[in-house]
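Q: Could you show me how to read a structure, one feature at a time? I would like to begin with a helix and end with the way whole chains meet.

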Amino acid sequence: MIKVDQTLDCKGLSCPMPIVRTKKAIDQLEAGQVIEVQATDKGSLADIQGWARNTGHQYLGTTTEGDVLKHYLRKSDPNEVKEETKYPHVIQNEELAQRLTDKENIVVLDVREPAEYAFKRIPGAVSIPLGELEGRLQEIDKNKEVFVVCRTGSRSDMASQLLAENGFENVKNVLPGMSEWNGPEEEGGK
Amino acid sequence: MANRTAIIASNGSMFDAYKVFNIATAAASADYEVTIFFTFEGLNLIHKEAHKNLPMPAGKEHFAEGFQKANVPSIEELAQMAVEMGVKIIACQMTMDVMNLKKEDFIDGIDVGGAMMFLDFAKDANMTLTF
């Protein structure tokens, strides 16, 4: 099960209804929330992807259960991509990819939503969504070097600052993040 | 600038209606600005009574069952949805005069205008479609 903020039932509906309903539903969501759109219209896969490209909302992926397609979308925040990075210690995707073998000494902390994490992540990455981080700091080993990653470097910037404020001394924000990650990855399961 | 889709609907069969309203509502879903100019037989697609019972094209009557099976929304619903989503509908004044139709004969939320009213929108559109 992928954690979502809303589930939208479009089963049995044909084009253009899955798109129309998705638009109406996402208008009601807060930025950052995730919606699961259930549809039986096979065309909805390409339609949802095209719709996301045009609206700027984030298409996370699709799973199939029998005849039902489950599309996952995250409502984007208009400021998300533009926000200034403030945490000073950063590392590029490529550098992190080279450090991944050093498992003993590093933690990769993924602060995206669980639905984003489920479809594509760095192998061994720990999932703690930004919104839950403050209450779950004890799950992270302070003695290790912590690499914080999200989609574009914005949420991970906030998470890096939060960690630094709470006594984590060796924290790096990974830029640009999963949106352009070309290193090793895994998906599915937990 | 936002994407703009300008559509001319000038035919009056059931098939034409789906082509027009599917494209229009999908575009509106993606936050495109959409204006449809309904002219000649196209006026049937927004006529209060006529659009509830649009004819299949000659020889294609057997598709009626397929429409039901595929659970396609009715044209009445699609037209209303288009209006709710901000699709601008222009009924052609000249055709209305020729056919002796009044604004009240059409669904709510439409405008009546001439060719220039449509062209004024279409000149800045990045997609112009005719059905």
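**Reading helix, chain and contact**

A: Keep in mind that this is a predicted model. Let us begin with burial: in helix α6 of chain A, the buried residues are A:S154, A:R155, A:S156, A:D157, A:A159, A:S160 and A:L163.

Q: Which elements do the buried residues of α6(A) pack against?

A: To read packing, one looks for the neighbours of the buried residues, and for α6(A) these neighbours are α5 (130-133), β8 (145-149) and β9 (171-175), which belong to chain A as well.

Q: How many residues does helix α6 of chain A have, and what does it reach from its first C-alpha to its last?

A: Here the span is set beside an expected value: α6 covers residues 154-165, which is 12 residues, and it reaches 17 Å, close to the 16 Å expected at 1.5 Å a residue. After the helix comes A:G167, which has a positive phi near 85°.

Q: Which domains is chain A divided into?

A: Chain A is divided into domain 1, residues 6-74, and domain 2, residues 90-180, and the C-alpha centres of these two domains of chain A lie 28 Å apart. Their contact takes five residues from domain 1 and four residues from domain 2. On the domain 1 side, β3 (58-65) and β4 (68-74) of chain A are the elements that give two or more residues, and the residues of that side divide into three nonpolar, one polar and one charged.

Q: What does UniProt list for residues 102-187 of chain A?

A: A record adds a label to a span, and here an unreviewed UniProt entry lists "domain: Rhodanese" for those residues of chain A. In the model, residues 102-187 of chain A are 26% helix and 20% strand, with end C-alpha atoms 21 Å apart.

Q: In what order do the elements of chain B run from the N terminus on?

A: Chain B has five helices and five strands, and from the N terminus their order is β-α-β-α-α-β-α-β-α-β. The radius of gyration of chain B is 14 Å, close to the 14 Å that the globule rule gives for 131 residues, so chain B is as compact as a globular protein of that length. Buried residues make up 36% of chain B.

Q: How many residues of chain B are in contact with chain A?

A: In this case 11 residues of chain B are in contact with 12 residues of chain A. Helix α1 (residues 14-29) of chain B gives the most to the chain B side, with four residues, and that side divides into six nonpolar, four polar and one charged residue.

How values were computed. Residues numbered from 1 in each chain as written. Chains lettered and ligands numbered in written order. Predicted model: local features only at pLDDT ≥ 70, side-chain atom pairs only at ≥ 80, totals over all residues. Expected span 1.5 Å × (residues − 1). Buried ≥ 20, exposed ≤ 12 C-beta atoms within 10 Å, placed from the backbone. Contact = placed C-beta atoms within 7 Å. Rg over C-alpha atoms; globule rule 2.2 N^0.38 Å. Nonpolar A, V, L, I, M, F, W, Y, C, P; charged D, E, K, R; others polar. UniProt positions renumbered as here; feature names shortened; annotations may be inferred. Domains from an automatic or database assignment.
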